[in-house]
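Biologist: Please take one part of this model and go through it closely. I would like the packing inside it described residue by residue.

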Amino acid sequence: MRGHRALLALAGLTALAGCGTTAKPVAPSPPSPSAAGAAPSAPSSQPGPAAPQPSATGPDAPILLGTRRVVIRPAEAGESILAVDGSGRLNVTDGGTGKGLFVLVPTGARHMIRSATGDRACLGLRSNGSAPLTIAATACDPSRDGQLFTIKPPESGDPATFTISVGDAFLLVSGANGLIAEELGDATPLTTFVFVDNGPAS
C-alpha cells in the first residue's frame, strides 16, 4: 500500500511539472514588403524626351532634314531668288546662285539657315533702328533666337510653298524695301517661298 501511494504521488508531481512548462517563444516573421512599405525605386537612368524635331514628310523631307542644298525663291517673284549681297544682307536678286545656296539645319522644332558656300555663315535677324528688320549673314550660334526660323506650309494656299518666320516676324518681300522681316498685320500680304533642290549638302 505504501508503495502504491508513493507511485501515485510521483505521478502527480510529474503531471504538475508538465503543466508548469513554459513554451519557447516563437521569433516574429519578418514583415512583408507590402506591410513594411516598398523600398524607394532607383531613379531612372534613361534620358528624358528628345527635343521635338521639325515635321518632315513628303517630297520636301530631305530638304527640311538638312541633307540637301537649296535655293530659296519667293513663290510670286518669278525667277528671282534670295541671296546674300555685298553688305551681308539677304535680299531678292535676279543674279546667280553664288551666295544663294543654303542648307536648312534642323534645330529643335525650328531651323537654322546656313550658307552652303565657303563661309558657312548663318542667317539671322538684324535690327536697323527705325527702319524695317532685315535678315543678314552672321556667325552661326544656335543659342540665338534671332537665328532660329520657323518654316511651315501656309494655313491656306499651295502646300508646296512655305512661310518663314523668326520670332513673331515673317519674311516678306516689299517692293520698297526688298526682303524684310515684319509682324503680320491685318492688311499685310503673306510671302511664301519655294525651296529648289540643288543637290546633296556637304
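Modeller: What follows deals with the nonpolar core and then with a buried serine.

This is a predicted model, in which local features need pLDDT of at least 70 and side-chain atom pairs count only at pLDDT 80 or more, while totals for chains, interfaces and linings use all residues. Residues are numbered from 1 along each chain as its sequence is written, and side-chain values use heavy atoms, with hydrogens and water left out.

A nonpolar core is a set of buried Ala, Val, Leu, Ile, Met, Phe, Trp, Tyr and Cys residues joined through side-chain atoms within 4.5 Å. Buried means under 20% relative accessible area, exposed over 50%, and partly exposed in between (1.4 Å probe, protein chains only). The largest such core has 23 residues, and I72, F149, I164 and F195 touch the most other members. Among the elements that give two or more residues to this core are α3 (61-64), β1 (68-74), β9 (163-166) and β12 (193-200). Helices (H or I, at least four residues) and strands (E, at least two) are DSSP runs, numbered from the N terminus.

Leaving aside residues up to four places away in sequence, F195 is in contact (heavy atoms within 4.5 Å) with I63, L64, V70, V71, I72, L104, I151, F162 and I164. Another core, of five residues, lies apart from the largest one and includes V71, I81, L101 and V103.

S80 sits in the loop between β1 and β2. S80 is buried, with a relative accessible area of 10%. With the same sequence neighbours left out, S80 touches R73, P74, V92, T93 and D94. The side chains of S80 and D94 make a polar contact at 2.4 Å; the term covers a pair of N or O atoms within 3.5 Å, where within protein one must be able to donate a hydrogen and the other to accept it, and residues adjacent in sequence count only if both atoms are side-chain atoms.
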